[in-house]
Amino acid sequence: MRWPAEAIWEQVAPLLPGFTVEVLPQVDSTNTELMRRARAGRLEPVLLVAERQSAGRGRLGRQWHGSDAALTFSLGLPLAPADWSGLSLAVGATVAEALHPAIRLKWPNDLWVDGRKLAGILIETAAPPQAGGAGRYTIVGIGINLATPAGEAFSTPPLGLRELLPEADPGAVLLSLAAPLVRSLQAFEQFGFGPFRARFSARDALSDRPVRLSDGTEGTAHGVDEHGALLVHTAAGMTTVASAEVSVRPAGSPLP
Ligand code: BTN
């Protein structure tokens, strides 16, 4: 597999001094690898791509089951936003916009097309870049199915990008995402979620749909607030769901 590492570097290095691109044939998980490096004091900006992950991770401690043909990578960089809330929504909006108009965002960090899951985002942070510094080393992990995965291991039916873009090639997809992602992360660092709210809302998969939370609460989703918290109208009135530990599903589909 040939990766356009140099072209990516040329687009991103002017935005992010010290940036490198690294492709590994195999690793347990690109997020885990960048977390190990961060713990060892390696806090430089890097795009780490894995051709295969043996232990890909999803949100809430779940496994990430991608297709054999999946694009899996993590972008690691120091970030110091005043408010972290809504970061995964900003990343999701950026990825969806770069890929295809049909892609919707399922709060807080999945990319869906017609109720099928195309991609997932796992954001983790590690130690401050400098002892006592304000920021944290931020690892933005993204897994995008290119082919539609087969099998039963999915709580949401999966979809591959090639159903929308038959020629989609992992290198070209990565090249289309890298610089927009870095620009969005830097805009988020400066301005927070505010500028991304309308972009998220334009693709909100749950908007005005009945939903069920993992604690059993049912209601109707009404978009997100200025911090990216999900607004759900329940029997008790309008509630905000901010916790990343909560799962939200369209009512009628099984909770994972
Ligand atoms: C989810 O669906 O809950 C998030 C999935 C995130 C998967 C990506 S693949 C690259 C990076 N490395 C991982 O182990 N996970 C993320």
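In this predicted model, P108 is found in the loop that runs between strand 4 (104-106) and strand 5, and the peptide bond that joins P108 to W107 is cis, with an omega of about 0°. A second backbone feature is found at D114, which has a positive phi of about 50° although D114 is not a glycine; the place of this residue is in the loop between strand 5 and strand 6. Both features may be set against the general background that most residues other than glycine have a negative phi, and that most peptide bonds are trans.

The largest pocket of the model holds about 610 Å³ of space, and its lining is made up of 39 residues, of which G58, Q63, W64, D110 and K117 lie nearest the centre of the pocket. Two or more residues of this lining are contributed by each of helix 2, strand 3, strand 5 (110-113), strand 6, strand 7 and strand 12 (248-250). When the lining of the largest pocket is divided by residue class, 14 of its residues are nonpolar, 18 are polar and 7 are charged.

The largest pocket is also the space taken by the ligand. The shell around the ligand consists of 20 residues, with S29, Q53, R57, R59 and K117 as the closest. Within this shell, 5 residues are nonpolar, 11 are polar and 4 are charged. Helix 2 (30-39), strand 3 (70-79), strand 6 (116-125) and strand 7 (136-145) each supply at least two residues to the shell, and strand 6 gives the most, with 4 residues.

Polar contacts to the ligand are made by side-chain as well as backbone atoms, as the following three cases show. A polar side-chain atom of S29 is placed 2.7 Å from an oxygen atom of the ligand, while for T30 a polar side-chain atom lies at 3.0 Å from a ligand nitrogen atom. In the case of R59, by contrast, the contact comes from the backbone, where an N or O atom lies 2.7 Å from an oxygen atom of the ligand. Of the 420 Å² of accessible area that the ligand has on its own, the protein covers 97%.

Terms used. Residues are numbered from 1 along each chain as its sequence is written. This is a predicted model: local features need pLDDT of at least 70, side-chain atom pairs count only at pLDDT 80 or more; totals for chains, interfaces and linings use all residues. Side-chain values use heavy atoms; hydrogens and water are left out. A residue is near a molecule or strand if one of its heavy atoms lies within 4 Å of it. A polar contact is a pair of N or O atoms within 3.5 Å; within protein, one must be able to donate a hydrogen and the other to accept it, and residues adjacent in sequence count only if both atoms are side-chain atoms. Accessible areas come from the Shrake-Rupley method with a 1.4 Å probe; for residues, only the protein chains shown count as cover. On a 1 Å grid over the protein atoms alone, a cavity is a set of points where a 1.4 Å probe fits but cannot get out, and a pocket is an open set with protein on both sides within 12 Å along at least five of seven lines; lining residues have an atom within 4 Å of a point. A molecule sits in a cavity or pocket if more than half of its atoms lie within 2 Å of its grid points. Ala, Val, Leu, Ile, Met, Phe, Trp, Tyr, Cys and Pro count as nonpolar, Asp, Glu, Lys and Arg as charged, and the others, Gly among them, as polar. Grid points are joined across faces, edges and corners, and a volume is the space filled by probe spheres set on the points.
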